[in-house]
Every structure is written in structure tokens, then in C-alpha cells.
Amino acid sequence: MTVQGLFSARANAAAQISAVPRVAIVGRGFSGMMTAIALMKTVRAPFHLQLFDPNSSVSGGQALASVRASTILNTRVRDLSVSLGDNDDFNDWLCSNAAFRAAVPAAIPGFRQIFVPKEIFSDYVYQRFSEALAARRDITVQVCNDPVVAIRRSHGHRFLLESANPANPLFDTVILATGYGLGDQDAGEREASPVRAQRLVARPHAVLLGSGIRVVDQLLQLRDSGYAGQVTIISRRGFLPQSHTPNSADPVFPAEALPESLPDIVRFIRQACREAEEQGRSWQSVMNGLRRHARSLWRSLPAGDKHQFNRHLRAIYDSHRNRLPEAMHLRLKRELAEGRTVLRRGRAGRRGLSGLFFTPAGSAAEEVIHAERIIDCRCQAPDLSAPLMQSLLSAGLAMPDELSLGLAVNARGEPFLEDGSTVDGLFAVGPLGLGSLPDIDLVPEIVSQAYAAAERVGERFYPQVKAV
């Protein structure tokens with residue numbers, strides 16, 4: 001499918017495509033759509049954009065009128081703007097929607113501090129994408145549902161994307177925006193022989209794997225749909241998300257110079273949290289302030305400290321930065337207090353005919369947790385063994401970060417090579433760079449990176465044209 005602006009004649013499409021730079025974005029989740037918006041708003045000269053993703057739809061959002069409030073985003077409206085420099089853009093979009101204002105009247109005149117379902121945010125992103133495209137008569141956008149299996153350098157500094165379509169053209173710029181991967185979206189829930197499982201389980205029992213926002217959201221969705229059975233949450237480290245404050249927690253952080261070693265940094269942050277609470281603020285304010293220092297702190301740590309953080313502290317850090325809206329956290333606490341939901345720390349193993357093999361923390365003995373339903377809510381790191389990633393690594397176009405969580409990238413998403421240089425025209429935006437850029441899986445950081453990458457693309461194509 002090819003779209004040229006919203007006002008251009010189709011007859012000119014083929015000629016324009018061949019005459020302007022070509023950009024490919026692999027992935028149409030938030031990172032991909034955000035990068036497309038940034039390109040259309042930043043690169044002020046013609047280009048052709050092709051979006052690759054095996055998903056058939058551009059946006060997974062549903063109508064605002066939907067009564068199904070599924071996944072609640074764990075970030076307030078004030079931090080979800082896709083407009084760089086305008087933090088109120090999402091809030092203004094919500095205020096302009098009569099149906100939403102009627103459904104959430106208590107937040108009027110503004111919605112900056114509330115949390116909204118993911119579907120509403122998807123609708124907002126897709127509308128901003130559509131508006132950016134409508135404003136650019138000189139841009140052609142093509143959507144391709146073929147999965148990209150390899151990216152290769154060809155004909156000088158251009159790139160060839162290999163997919164099921166052998167006629168794919170060459171691209172001047174390729175932007176990887178695959179998030180945590182482009183796998184099967186429905187692979188999360190698998191039921192092994194549900195009939196036999198039902199015979200062995202006296203009471204309905206569901207097992208949820210994970211420790212983040214997704215596992216809590218899945219638990220609450222089960223309850224909202226009428227599920228009354230027992231639920232067991234299996235977490236490798238035994239941590240679940242902490243709570244947001246009822247109101248905004250403005251960032252605060254001590255002004256003194258930070259220590260250099262990881263143990264000293266941890267003690268420093270804990271002390272800062274205690275002092276903030278003693279002064280009538282919250283530890284959440286300190287964590288929000290820490291985000292402003294996270295990248296410089298990460299760069300300053302030696303490799304050994306980074307590995308130690310990833311093994312022992314990342315789960316704690318994630319549970320404090322990826323927080324739950326207070327109402328959801330209260331429901332989670334009730335579930336655990338009443339015993340309807342049990343949190344077990346340990347390692348989930350293979351799945352059997354009647355449930356899941358499980359090794360509790362501190363034990364070498366494996367046991368079976370009988371369940372008729374097993375739902376995997378874990379957020380996996382990008383799969384560097386996937387053919388697409390392997391094509392980049394084997395061709396010397398990218399390298400893994402120090403922890404092999406993804407690709408080593410700079411702030412603009414340009415992959416680093418062994419000698420510290422970057423590949424001109426190749427970018428990895430969003431969670432692919434999580435091992436290099438802490439918090440690059442959060443919306444504000446992805447927005448900033450997408451605009452930085454778009455500005456660099458504009459400089460490459462049209463150095464004489466000033467980006468806006």
C-alpha cells in the first residue's frame with residue numbers, strides 16, 4: 001500500500017519515489033510510529049518512507065468509545081506527548097475529545113496527572129501520524145507486511161532489506177524500531193493439554209510469569225472478566241511494581257557529586273530517598289530525579305559494575321521506575337493480602353501436560369505447579385540471535401552492548417562499531433538500545449531519540465535545508 005501525502009495525485013508517485021531519498025522503518029509499534037512522525041515533522045524536503053512490519057495494521061488502537069479499558073499505561077498523560085517541546089499535546093488532544101471528557105469529568109479542566117488505557121494512547125499516536133502525513137504533500141509512505149529477515153550493505157552506502165518480496169528497492173537510511181522484537185504477538189499465552197489440566201486441578205488455577213506492569217495488568221483483567229480461581233505469579237527476583245504517588249511527584253535529586261562505585265551509588269540513592277521522605281516529599285520524586293542522571297551514571301560505571309547491576313539490581317530498579325497507578329497498586333495489595341494471588345520467587349521451567357515445572361529460589365528441587373492456564377507476561381530482551389540481528393552483527397554493521405541486552409548505540413540511536421565509529425544511515429530507536437541508554441524503553445526518552453535521529457537523517461539528505 002502506498003500513500004502520497006493525502007492530497008497528491010497517484011500518477012506522480014512512481015516518479016517521486018525514484019527521485020528522492022528512501023527511508024525504511026522496521027517496526028510499526030510506538031518506536032516506529034514515533035520515528036515516522038518525527039521524520040515528517042523534521043525533514044523539510046521530499047523523501048519516501050516505507051514501513052515494514054508483519055502486523056497487518058498500522059495502529060493497534062481502538063476507538064475512544066470502547067468500554068474495554070485494558071492495559072493501563074504506567075506513565076501520566078503529562079509525560080506522553082509525541083510533540084517535542086510541547087508536553088501538553090496529549091492532554092490537549094484528550095481535552096478536545098467530547099467522549100473522553102464525558103467519561104472522565106473529574107479530571108476537567110485537564111488530564112495531565114491521570115493514567116489512560118493503551119488503546120487511547122494508540123489512537124492519539126495514530127492521529128498525530130495521520131496529521132503529519134496530511135501536512136506533507138511531498139512525502140510518499142508505503143506499508144509492507146513482509147517480515148524483514150536481513151539487512152545488508154549494497155551499492156556503496158545504501159541498504160538492501162531482504163524479505164519475502166524479492167523486488168525490495170535499496171534504501172538510503174534504515175531505522176530499526178523493533179522494540180523487544182517482531183515475534184508472534186499471540187505467543188504469550190499457551191495452554192498445554194487444558195482437558196487433562198482441568199482434571200488435575202481441583203480449583204481453577206492460573207500461573208502468570210513476570211514481574212512488571214504487564215503481569216499486574218493481566219491479573220486485573222482476569223479478575224475483571226470474572227475469573228475467580230487461584231493465581232500464582234512467578235517472578236525470578238520476587239519483585240512487583242511499586243506505586244505512583246496520588247499526585248505528581250516532581251523530580252528532586254541531591255546536588256552533591258555522585259559517588260563513582262556501584263555500592264556507593266546505591267547507598268547514596270537510598271539515603272536521598274530517606275531524606276526526601278523525612279522532608280515531606282516522596283522517594284518517587286528522587287527516582288524521577290535520578291532519571292535525569294541515569295545515562296551519565298551508566299556511562300561512568302566500569303563493565304564489572306554494569307554486569308553486577310544487571311544481575312542483582314535491575315529488578316529492584318525496574319520495580320521502582322516502572323510504577324503502577326495507585327488504584328491498581330491497591331488492588332494488587334488486596335489480591336496478595338487475601339491470598340487469592342500468591343507471589344513466588346524462582347525460575348519457571350518447561351511446561352508439562354498439567355502445568356509448569358518450577359524451581360523455587362534457594363532450592364535445587366524442581367516441583368510442578370498444576371494449572372489449567374499459563375500466561376507469559378515477561379518482557380524479553382531483544383533477540384540478538386534472530387536472523388535480522390545476526391545479519392547486522394555478521395556484516396559488521398552493529399555490535400551488542402556490554403550486557404548483550406541489545407545493540408550498542410549512541411543517543412541518536414546510531415549503532416556503535418568496535419572502533420567507536422557509527423554506520424552512516426543506520427539507526428536503532430527505542431528498546432533495542434536499552435543496554436546503552438537507561439530508560440530508552442520509556443515514552444519521553446523514545447520521543448527525544450526519534451527527533452534526534454530524524455534531525456540527523458535530514459542533515460544527511462539535505463544539509464542545505466534547515467530542520468525545524
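These legends describe close-up views of salt bridges in a predicted model.

**View 1. Arg378 pairs with Asp376 in a salt bridge.** The closest N and O atoms of the two residues are 2.8 Å apart. Asp376 is buried, at a relative accessible area of 15%. Arg378 is partly exposed, at 35%. The bridge between Arg378 and Asp376 thus joins a partly exposed arginine to a buried aspartate.

**View 2. A salt bridge links Arg460 to Asp424.** The N to O distance between these side chains is 3.0 Å. Arg460 sits in helix α14, which covers residues 443–461. Asp424 belongs to the loop between α13 (387–394) and β16 (426–428). The pair therefore ties together parts that lie 36 residues apart in sequence. Both ends count as partly exposed: Arg460 has a relative accessibility of 22%, and Asp424 has 33%.

**View 3. Glu459 and Arg456 form a salt bridge within helix α14.** Their side chains meet at 3.7 Å, N to O. The two residues are three positions apart in the helix, so about one helical turn separates Glu459 from Arg456. Glu459 is partly exposed, with 36% relative accessibility.

**View 4. Six residues are joined into one salt-bridge network: Arg291, Asp318, Arg321, Asp439, Asp441 and Glu445.** The salt bridges here share partners, and this sharing connects the residues. Arg291 and Arg321 are among the members, as are Asp318 and Glu445.

**View 5. The whole structure holds 27 salt bridges.** This total comes from a search of the entire model. Among them are Arg378 with Asp376, Arg460 with Asp424 and Glu459 with Arg456.

Terms used:
Residues numbered from 1 in each chain as written. Predicted model: local features only at pLDDT ≥ 70, side-chain atom pairs only at ≥ 80, totals over all residues. Heavy atoms only, no water. Salt bridge = Lys/Arg side-chain N within 4 Å of Asp/Glu carboxyl O. Buried < 20%, exposed > 50% of the residue type's maximum accessible area, 1.4 Å probe, protein only. Helix = DSSP H or I, 4+ residues; strand = E, 2+ residues; numbered from the N terminus.
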